[in-house]
Amino acid sequence: MIYVDADACPVKAEVARVATRHRVKTFVVSNGGIRPSVNPLIETIVVPDGPDVADMWIADRATRGDIVITGDIPLAARCVENGAQVLKHNGEALTPANIGNILATRDLMADMRAADPFRQGGGRPFSKADRSRFLDALERALRAAKG
């Protein structure tokens with residue numbers, strides 16, 4: 001199965017297209033505002049409002065053989081711990097080998113932002129190259145999960 005942390009996810013359409021081609025059940029999880037798909041393989045899950053409710057829903061279900069799409073690093077860490085494959089929106093795989101460093105960097109950056117309220121900027125904008133890398137990574141992840 002594929003689980004999509006749908007809030008602010010720029011690759012929902014790409015996930016649906018690849019999941020349909022591979023005939024894989026996909027859950028698109030958010031706390032609302034997402035148009036349900038007519039595709040029978042794509043199930044929209046609307047969770048109650050609240051901090052990390054969608055993340056908890058996904059983390060409680062994703063296990064070995066599943067794929068999780070998220071930009072949320074703490075959610076990714078929980079899913080990796082459960083044995084799921086995790087992909088960021090740009091196609092970067094989060095694995096047992098790299099999730100610890102990525103989580104530590106995220107925490108460090110949060111501390112730096114908190115210490116300097118005038119710090120501006122964030123990551124670079126999502127690009128066509130990111131979308132292409134994501135599609136390639138999802139295709140590989142699905143093949144590995146089936147293999």
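In the predicted model, the side chains of T70 and D5 form a polar contact at 2.9 Å. T70 is located in the loop that connects β4 with α3. With a relative accessibility of 0%, T70 is classed as buried, since the cut-off for burial is under 20% relative accessible area. Beyond its neighbours within four places in sequence, T70 is in contact with D5, L75, A76, V86, L87, K88 and H89.

D5 belongs to strand β1, from which Y3 and D5 point one way, while I2 and V4 point the other way. These residues are all buried. Strand β1, comprising residues 2–5, pairs with strand β4, residues 67–69, in the parallel sense through 3 bridges. Within β4, I67 is the bridge partner of I2. Strand β1 also runs parallel to β2, to which 4 bridges join it; here V4 is placed opposite V28 of β2.

These pairings form part of an open sheet of 6 strands, arranged in the order β3-β2-β1-β4-β5-β6. The pairing in the sheet is mixed. The edges are occupied by β3 (42–46) and β6 (93–94), each of which has a single partner strand, so one side of each lacks a neighbour in the sheet. In general, strands of a sheet pair through backbone hydrogen bonds, in either a parallel or an antiparallel manner.

The loop that holds T70 leads to helix α3, which spans residues 73–81. The N-terminal end of α3 is capped by D72, a side-chain oxygen of which lies 2.7 Å from the backbone nitrogen of L75. L75 is also one of the residues in contact with T70. The buried residues of α3 are I73, L75, A76, A77, C79 and V80. Just after this helix, G83 adopts a positive phi of about 95°.

Helix α5, formed by residues 128–146, lies across β1, β4 and β5 (85–87). The angle at which α5 runs to β5 is about 175°. Contacts of V18, a residue of helix α1 (residues 12–22), include residues in the range of α5. V18 has a relative accessibility of 1% and counts as buried. Apart from residues up to four places away in sequence, V18 touches L135, L138, E139 and L142. Although V18 and L138 are 120 residues apart in sequence, their C-alpha atoms are 7.7 Å apart in space.

The second largest pocket has a volume of about 200 Å³. Its lining comprises 15 residues, among which A84, Q85, V86, L94 and T95 lie nearest the centre. At least two lining residues of this pocket are supplied by each of β5, β6 and α5. V86 also appears among the contacts of T70.

A further residue considered here is L41, which is found in the loop between β2 (26–30) and β3. L41 is partly exposed, with a relative accessible area of 23%. When neighbours within four places in sequence are set aside, L41 is in contact with A19, T20, R23, V24, K25 and T26. Of these contacts, K25 is 16 residues from L41 in sequence, and the C-alpha atoms of the two residues are 4.8 Å apart.

Notes:
Residues numbered from 1 in each chain as written. Predicted model: local features only at pLDDT ≥ 70, side-chain atom pairs only at ≥ 80, totals over all residues. Heavy atoms only, no water. Pairing = 2+ DSSP bridges. Contact = heavy atoms within 4.5 Å. Axes fitted to C-alpha atoms, helices over the stretch in contact; angles between N-to-C directions. Buried < 20%, exposed > 50% of the residue type's maximum accessible area, 1.4 Å probe, protein only. Polar contact = N/O pair within 3.5 Å; in protein donor to acceptor, adjacent residues only side chain to side chain. 1 Å grid on protein atoms, 1.4 Å probe; cavity = no way out; pocket = protein on both sides within 12 Å on 5 of 7 lines; lining within 4 Å. Points joined across faces, edges and corners; volume = space filled by probe spheres on them.
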